[in-house]
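Biologist: I am new to this structure and would love a close look at a single part of it. Could you walk me through that part slowly, and then show me what lies around it?

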Amino acid sequence: MRTAILLVLAGAIGFTLYNNATKENREVLQVGDPAPDFKLTDLNGEEHQLSDYKGQGVFVNFWGTWCKPCEKEFPLMERQYQVYKDQGVQILAVNIAQSDFEVKQYAEQRDLTFPIVIDKNKSVMEAYNIIPLPTTLLVNAEGNIEKIITGEMSEEDIQSYMEQIKPI
């Protein structure tokens, strides 16, 4: 009986070591890399594909309704969106796998007008290697990552970042 248990444990350890040694390593995105393209649906049923925004700066913000820093950023992002949306800077707020109802209610309570899309299966989050929320990526008019910001931003930060990706 002990031998059988030891063999099962040894097999489990071997399997775990093999999986860890052979699993695919995703590259971590860096400034200057092309932003991985994605297509997600917003709260109105409209599709947003990142590549459709080529020629504009895109402020890609990953967030969740439970995230307190995200909640603090949204009114600031909304104010700056109103300033920069006609200057070629867009916001795509990517919610991580929450229900349409929950996200829509959250957005309506805060009068958010920028596109909010939901990454239902976390594929975009994984493609961008997003770990902490909030995380924001600045994508320039050429479709390359200009800056990666983790954590809460002030309104001055948001304004500066939108200015940084504003097309010339």
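In which sense do strand β6 and β7 pair, and over how many bridges?

Modeller: Happy to help, and please keep in mind from the start that this is a predicted model. Strand β6, which covers residues 135-139, pairs with β7 in the antiparallel sense, and five bridges hold that pairing. Two of the residue pairs are good places to put your finger. L138 has K147 in β7 as its bridge partner, and T135 is matched with T150 in β7. Between the two strands run five residues, and together β6 and β7 form a hairpin. Look in the turn for G143, which has a positive phi of about 90 degrees.

Now step back to the sheet that this hairpin belongs to. It is an open sheet of five strands, in the order β5-β4-β3-β6-β7, and its pairing is mixed. The edges are taken by β5 (116-119) and β7 (145-150); each has a single partner strand, so one side of each is left without a neighbour in the sheet. From one strand to the next, the twist averages 20 degrees. Helix α5, residues 155-165, packs on the sheet and touches β3 (57-63), β4 (89-96), β6 and β7. The direction of α5 makes about 140 degrees with that of β3.

The stretch leading into the hairpin deserves a pause too. P134 sits in the loop between α4 (123-127) and β6, and the peptide bond from L133 to P134 is cis, with omega near -5 degrees. N129 has its place in the loop between α4 and β6 as well. Although N129 is not a glycine, it has a positive phi of about 55 degrees. Here is some background for those two details: most residues other than glycine have a negative phi, and most peptide bonds are trans. N129 counts as partly exposed, at 21% relative accessibility; the cut-off for buried is under 20%.

A similar backbone detail turns up elsewhere. D111, found in the loop between α3 and β5, is not a glycine but has a positive phi of about 55 degrees. With a relative accessibility of 60%, D111 counts as exposed.

Let us return to helix α5 by way of another helix. Q80 is found in helix α2, which spans residues 68-84. Q80 is buried, with a relative accessible area of 8%. Once neighbours within four places in sequence are left aside, Q80 is in contact with E155, I158, Q159 and M162. Helix α5 runs over residues 155-165, so you can follow those contacts straight back to the helix that packs on the sheet.

There is one disulfide in the structure. It joins C67 to C70, with an S to S distance of 2.3 Å. The torsion about the S-S bond of C67 and C70 is about 80 degrees, so this disulfide is right-handed. Both C67 and C70 are buried.

Next, find helix α3, where D100 is located. D100 counts as partly exposed at 41% relative accessibility. Not counting residues up to four places away in sequence, D100 touches L43, I118 and K120. D100 and L43 are 57 residues apart along the chain, yet 6.9 Å separates their C-alpha atoms.

L43 also leads us to the largest pocket, where it is one of the lining residues. Others in that lining include D42, N44, H48, K104, A107, E108, F114 and I116. Helix α3 (residues 100-109) gives the largest share of the lining, three residues. The space in this pocket comes to about 210 Å³.

To finish, here is the whole chain around the part you asked about. It has five helices and seven strands, which follow the pattern α-β-β-β-α-β-α-β-α-β-β-α when read along the sequence. The chain has 168 residues, and 40% of them count as buried. Among contacts between residues at least 6 apart in sequence, 70% join residues at least 24 apart. As you turn the model, you can always come back to the hairpin of β6 and β7 as your starting point.

Key. Residues numbered from 1 in each chain as written. Predicted model: local features only at pLDDT ≥ 70, side-chain atom pairs only at ≥ 80, totals over all residues. Heavy atoms only, no water. Pairing = 2+ DSSP bridges. Helix = DSSP H or I, 4+ residues; strand = E, 2+ residues; numbered from the N terminus. Axes fitted to C-alpha atoms, helices over the stretch in contact; angles between N-to-C directions. Contact = heavy atoms within 4.5 Å. Disulfide = S-S within 2.5 Å. Buried < 20%, exposed > 50% of the residue type's maximum accessible area, 1.4 Å probe, protein only. 1 Å grid on protein atoms, 1.4 Å probe; cavity = no way out; pocket = protein on both sides within 12 Å on 5 of 7 lines; lining within 4 Å. Points joined across faces, edges and corners; volume = space filled by probe spheres on them.
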